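Reader: I am new to this structure and would like a friendly tour of its inside and its pockets. Could you walk me through them?

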Amino acid sequence: MNPPPADWPRISSSIYYEADVAKKAIEWLCRAFGFELRLLVDDDQGGVAHSELTYGGGLIMVGSTSAAKAEKFPYRKAPSQVGGVNTQNMMVYVDDVEAHCKRAREAGAEITSEPETHDYGEEYWADRTYGCKDIGGHHWWFSQRLRSATPKA
């Protein structure tokens, strides 16, 4: 397998916010979750044509939706445009899930599940995870690995 382009992870994801929320959402994601803005490209309607936010080795792209873009990209919708539905949920590993949850809560994230340990047994792993919704209605999970699988002999 060839390496991905320089400064890009093997896999990244895009999420969309309504045009009047997209720039605020980018600022909020950085403040609440610790993302770092790498690139922001404005569109000609006051929204976001493209952006890149990094977290550790991961990268998400954030864009805005609008009536003008709907014809070309009908599959790009913000949760608020489809009754709050999310067709994917973002999951991010963090170093300290308790501190991360506190930071997100203080920034206004809606905590949908408090930090809880999920132990899948010695053959698998144990994580401490919380869930939340961001200001655009996207669902996120943040986890801290507590124990990795025990290698089989």
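Reader: How do the residues lining the largest pocket divide by class?

Author: Happy to help, and please keep in mind that this is a predicted model. The largest pocket has a volume of about 280 Å³. Tyr75, Lys77, Thr87, Gln88 and His138 lie nearest its centre, among 14 lining residues. By class, that lining has seven nonpolar, five polar and two charged residues.

Reader: And how many charged residues are in the lining of the second largest pocket?

Author: This pocket holds about 220 Å³ of space. Its lining includes Ile11, Phe35, Tyr55, Ile60, Gln88 and Met90, and β4 and β5 each supply at least two of the lining residues. Sorted by class, the lining has eight nonpolar residues, four polar ones and no charged ones.

Reader: Let's move to the nonpolar core. Which element gives the largest share of the largest core?

Author: That core has 28 residues, and Leu29, Phe33, Ile60 and Trp140 are those with the most contacts inside it. Elements giving two or more residues to this core include the strands β1 (13–18) and β8 (139–147) as well as the helices α1 (22–33) and α3 (97–106). The largest share is eight residues, and the element that gives them is α1.

Reader: Which residues does Leu29 contact, leaving aside neighbours within four places in sequence?

Author: Leu29 is one of the residues with the most contacts inside the core. Two others of that group, Ile60 and Trp140, are also in contact with Leu29. Leaving aside neighbours within four places in sequence, the full list for Leu29 is Ile15, Tyr17, Gly34, Phe35, Leu53, Ile60, Val62, Asp134 and Trp140.

Note on methods. Residues are numbered from 1 along each chain as its sequence is written. This is a predicted model: local features need pLDDT of at least 70, side-chain atom pairs count only at pLDDT 80 or more; totals for chains, interfaces and linings use all residues. Side-chain values use heavy atoms; hydrogens and water are left out. A nonpolar core is a set of buried Ala, Val, Leu, Ile, Met, Phe, Trp, Tyr and Cys residues joined through side-chain atoms within 4.5 Å. Buried means under 20% relative accessible area, exposed over 50%, partly exposed in between (1.4 Å probe, protein chains only). Helices (H or I, at least four residues) and strands (E, at least two) are DSSP runs, numbered from the N terminus. Contact means heavy atoms within 4.5 Å. On a 1 Å grid over the protein atoms alone, a cavity is a set of points where a 1.4 Å probe fits but cannot get out, and a pocket is an open set with protein on both sides within 12 Å along at least five of seven lines; lining residues have an atom within 4 Å of a point. Grid points are joined across faces, edges and corners, and a volume is the space filled by probe spheres set on the points. Ala, Val, Leu, Ile, Met, Phe, Trp, Tyr, Cys and Pro count as nonpolar, Asp, Glu, Lys and Arg as charged, and the others, Gly among them, as polar.
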